[in-house]
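Me: I would like to go through a model with you and ask how each label is earned. Could you set the values against the cut-offs as we go?

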Number of protein chains: 2
Amino acid sequence: MIMKITYPRSEKVYLPGKLFPELRVAMRKVEQVPGTHFADGKKVITPNPDVYVYDTSGPFSDPDMEIDLKKGLPRLREPWILSRGDVEQLPSMTSEYGRLRRADRALDHLRFEHITLPYRAKSGKSITQMAYAKQGIITPEMEYVAIRENMNCAELGIETHITPEFVRQEIAAGRALLPANINHPEVEPMIIGRNFLVKINTNIGNSATTSSIDEEVEKAVWSCKWGGDTLMDLSTGENIHETREWIIRNCPVPVGTVPIYQALEKVGGKAENLSWEIYRDTLIEQCEQGVDYFTIHAGIRRHNVHLADKRLCGIVSRGGSIMSKWCLVHNRESFLYEHFDDICDILAQYDVAVSLGDGLRPGSTYDANDEAQFAELDTMGELVLRAWEKNVQAFIEGPGHVPMHKIKENMERQIEKCHNAPFYTLGPIVTDIAPGYDHITSAIGAAQIGWLGTAMLCYVTPKEHLALPDKEDVRVGVITYKIAAHAADLAKGHPGAQVRDNALSKARYEFRWKDQFDLSLDPERAFGYFHAGRHTDGEYCTMCGPNFCAMRLSRELKGHKNKIETVS
Amino acid sequence: MIMKITYPRSEKVYLPGKLFPELRVAMRKVEQVPGTHFADGKKVITPNPDVYVYDTSGPFSDPDMEIDLKKGLPRLREPWILSRGDVEQLPSMTSEYGRLRRADRALDHLRFEHITLPYRAKSGKSITQMAYAKQGIITPEMEYVAIRENMNCAELGIETHITPEFVRQEIAAGRALLPANINHPEVEPMIIGRNFLVKINTNIGNSATTSSIDEEVEKAVWSCKWGGDTLMDLSTGENIHETREWIIRNCPVPVGTVPIYQALEKVGGKAENLSWEIYRDTLIEQCEQGVDYFTIHAGIRRHNVHLADKRLCGIVSRGGSIMSKWCLVHNRESFLYEHFDDICDILAQYDVAVSLGDGLRPGSTYDANDEAQFAELDTMGELVLRAWEKNVQAFIEGPGHVPMHKIKENMERQIEKCHNAPFYTLGPIVTDIAPGYDHITSAIGAAQIGWLGTAMLCYVTPKEHLALPDKEDVRVGVITYKIAAHAADLAKGHPGAQVRDNALSKARYEFRWKDQFDLSLDPERAFGYFHAGRHTDGEYCTMCGPNFCAMRLSRELKGHKNKIETVS
């Protein structure tokens, strides 16, 4: 199984570090043809600079890299991890379930072949990026993200505040996280925090009714191709363990999961049969496979469950409904809440981050910003401090369905109650009346909340509320969210964010059609539409035809004598 | 040629007026099946009320109405217009060009057959909706829109401030307009103003390189089906005059044009050959055909043209580039500006509204909010007062390409400089890097500026910047903009706007799949996605499968004894 990603007229380039000269920070460099402009009434040909764009496609887009999904990606970070001398390789998987699965010969045909033994922190060692940051240590991962975030803007003379030291400070303060499990050394470091580029997450995963391992791995690579910054594997069907191994070994971006899904499978789908022991074993199983962050719905408290009764749509989070049921059936506090410190102790040993799941997020605009939602947010604020105490990197999940006028309150309240921990929202969807177009209803909300400070946006595909997304849905969902995230980056004034917009606009003005396509988020689609429109290669397109091309007229006028006379 | 529009499980209904009991205000009523909910642990079946939705599809969706595109739509407003006694029917078309076209036997095969003679104000009579409003007269058109805007919300006990008198006041103040040429009696009255539902405009029109009359009429009906509130015919190719006649006679929504396009065709595409006389004849030709509003780029002043020189993308408005060229070649003030009072005198005779075109709108995010754009806005502010002096209804066109953080300034400045005249924006597009997805880049901006007070949003299709839209693009563009407009209505708190969202969300929670589809903006697409996803009709869908359905779990929990104990 071989998979390659190509982008038109793009070169995979690697920038070196300064603190760590051996770093090779991956970017994509888009070439442009020279352009023409008018000066003093004359046509002048000028070269156009290469445009460096953020690249999530990993080794798949490197023509010099041999890709074999059966072997997995190169273990980029392994030397950095080992050189710190604070982790040890275990003799076998710790998780009981993991050992059972590996021993089961009937699963051989499903299994990823080159499984290595897991790493774990040596006893007494604090090995998370947050732990290093708090000690004042800048890791190679931190310098990597600093370089990556700047997209080579220094070459264009654009100033940036994003230095390795700035990255360290943000992680130490908890305002950002760098999700990178020591058992996922294939990951290319990236950072999530409101003082960095807004990131997007894509979800993949089979449900009991559809899709296979092959399809899921293909979707993962596909998501990285279009720009997914992290990937959540939300599988709930058969063979979750094996599917996940394949995905992680071939995934250049951080992988998140919701461990309660697998725990529920283990107890035959009966929420009331869940227990801390089964959940704990699942956490360890996944930590040792290399999951980079877990969504944990520990913010649901026994006494808050009833708050959702007043709602139009009740509880719409899968994890939230499972834990609510558990609390009610047992009439007890949630084991996730009660064992939160134990959870953090486990996560800290592998540098797995916790994403506090919003089990009581609103599922309709009517339910937005209600008591249930905000009660959970308060609990999350308490939990995030407990995570940080144990040097576990943490962020907070947010809604969901929120009309525009209630978005700001979400962001401000989250910052206040959760002590500046990064916010990670699903949309929000700003109206409920457009199933089939919820990538759009949610991108409207996502762009706004991203601008206001949300660090990562969970994508929504056109099939949301209706069916599982296929490949085309994933592509559309990712591009839509790249748009929302980038719009937020522009509005926030991220260093260099405007470079690509300006380059594409200049290409448009100069009728450099190919450059327009190649600089766009989806070059194939842009070219396809243009081509299908019986295009010309001349200085106009089929939208307006030759006589009505404003840009053509405008270019011709630039050097007009009467204008020059007036100006002078 | 017969064309019908159907929506699943919807009934076309007509509400009567109170001031004008003969009014039949068209709406669409969506039926719902009864739902189940839990009360005291028991399952209870309750009926769900009909949901009234705003309907732009006109007679095409009335099963009792005979539709024949060759005959045109019923002339709904003609009795109202005639009963006012202030217009007269002319013995022939006034426009020289119009008469030539009609006399040309070679065009017979293209011609709409049932052309009637045009109406015009009797000498000395002020026949615009604004003139009536200023005199304190509530017209049938005004009551029609008042009823239409409320979507029967009174039946649900929702209070509304939108009364016929309120409509009158808003029109009198210029804060809203009711575009309705006396020669387009087929139009169903609608209103554009920031204290009403946000409207959307769709553009159709062939360019020199593509499409035919049939296709354009079909696109017009198609746009009305999906929810377009007004329609601009931007044709620039052959037979503009005949295409327009077909469209207007079959269009239940107001039609706008950009007369300079046709004027330019008349002078062989040479901007410098344009003259006031040719333009004037074109205005009259189109007034007498029934165009409801004209985009007129009178805001471009000779001395401001050079301001666009500093831009990345120069002038991107077709009308703007044409007029700029004219000004420069002749080294004279624009004839549109110089003859603006004459223009208004013509428009007032037919109640055609003026949409002041933003010829210097920014064509890239880099160019947003620059000197050129704002200089033109100042001129528009001056012109709008001159239009109102002559009782011509007016609104202001806006950008274009604007990053999110610069949107608010656009809206606030427009309100201030243009004296509360309604704003009508194209998007704005919030990033330039996604050709092929500009319906989305622009919907993000459109929702925001709509919330801030823009009265009408001009749609953008996925093919923007690349090619002319086909039918599927029109559909996607319209639905995307209905989303943006509706999101703004929710955020603004329009009376009854939330009703449809709540109904759909309740249907979702109660697994009434058909109701979800039928209440959605695009029932066919929603059902199609669901169906293709190998759906079940049970209480879950393929997204999560039966064991992981949060809503199902949540519904089951609602009556759980342990929850009830805690609450009590």
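Reply: Happy to; the questions below go from the whole chain to single residues. Please keep in mind that this is a predicted model.

Me: What makes chain A as compact as a globular protein of its length?

Reply: Let's start with the make-up: chain A has 21 helices and 17 strands. Its radius of gyration is 25 Å, and the globule rule gives 24 Å for 568 residues; the two values are close, so chain A is as compact as a globular protein of that length. As for its extents, the C-alpha trace spans about 85 × 55 × 45 Å along the principal axes.

Me: How do you know what share of chain A is buried?

Reply: A residue is called buried when its relative accessible area is under 20%. Of the 568 residues of chain A, 68% count as buried. The accessible surface of the chain comes to about 18,300 Å², and carbon and sulfur atoms own 51% of that surface.

Me: What do the contacts in chain A say about residues 24 or more positions apart?

Reply: Take the contacts with a separation of 6 or more: 75% of them join residues 24 or more positions apart. A contact here needs heavy atoms within 4.5 Å.

Me: Where do the centres of the positive and negative side chains of chain A lie?

Reply: There are 66 positive and 78 negative side chains in chain A, and the centres of the two sets are 3 Å apart.

Me: Why can His401(A) and His465(A) be said to gather at one spot?

Reply: An unreviewed UniProt entry places the feature "binding site" at these two residues, His401(A) and His465(A). They span 65 residues in sequence, yet no two of their C-alpha atoms are more than 12.1 Å apart, so they gather at one spot. His401(A) also touches His465(A) itself, along with residues including Asp432(A) and, from the other chain, Arg508(B).

Me: Is His401(A) buried or exposed? And what about His465(A), buried or exposed?

Reply: With a relative accessible area of 6%, His401(A) falls under the cut-off of 20%, so it is buried. His465(A) has 14%, which is also under 20%, so it too is called buried. As for their places, His401(A) lies in the loop between strand S15 and helix H14 of chain A, while His465(A) is in the loop between strand S17 and helix H16 of chain A.

Me: Which cysteines of chain A carry a "binding site" feature?

Reply: The unreviewed UniProt entry places one at Cys541(A), Cys544(A) and Cys549(A). Of these, Cys544(A) lies in the loop between helices H19 and H20 of chain A.

Me: Why is helix H4 of chain B called largely enclosed?

Reply: All 11 of its 11 residues, 140-150, are buried, so helix H4 of chain B is largely enclosed by the rest of the structure. Among the buried residues are Glu141(B), Arg148(B) and Glu149(B). The cover includes strands S1, S2 and S10 and helices H1, H3 and H5 of chain B. Just after H4(B), Met151(B) takes a positive phi of about 50°.

Me: What makes Pro462(B) buried, and what does it touch?

Reply: The relative accessible area of Pro462(B) is 4%, under the 20% cut-off, so it is buried. Pro462(B) lies in the loop between strand S17 and helix H16 of chain B, and it touches residues including Tyr437(B), His439(B), Val476(B) and, from chain A, Tyr529(A).

Conventions:
Residues are numbered from 1 along each chain as its sequence is written. Chains are lettered from A and ligands numbered from 1 in the order in which they are written. This is a predicted model: local features need pLDDT of at least 70, side-chain atom pairs count only at pLDDT 80 or more; totals for chains, interfaces and linings use all residues. Side-chain values use heavy atoms; hydrogens and water are left out. Helices (H or I, at least four residues) and strands (E, at least two) are DSSP runs, numbered from the N terminus. The radius of gyration is taken over C-alpha atoms; the globule rule is 2.2 Å times the number of residues to the power 0.38. Buried means under 20% relative accessible area, exposed over 50%, partly exposed in between (1.4 Å probe, protein chains only). Accessible areas come from the Shrake-Rupley method with a 1.4 Å probe; for residues, only the protein chains shown count as cover. Lys and Arg count as positive and Asp and Glu as negative; His and the chain ends are not counted. The place of a charge is taken as NZ of Lys, CZ of Arg, CG of Asp or CD of Glu. UniProt positions are given in the numbering used here, feature names are shortened, and annotations may be inferred rather than shown by experiment. Lists of a residue's contacts leave out its neighbours within four places in sequence.
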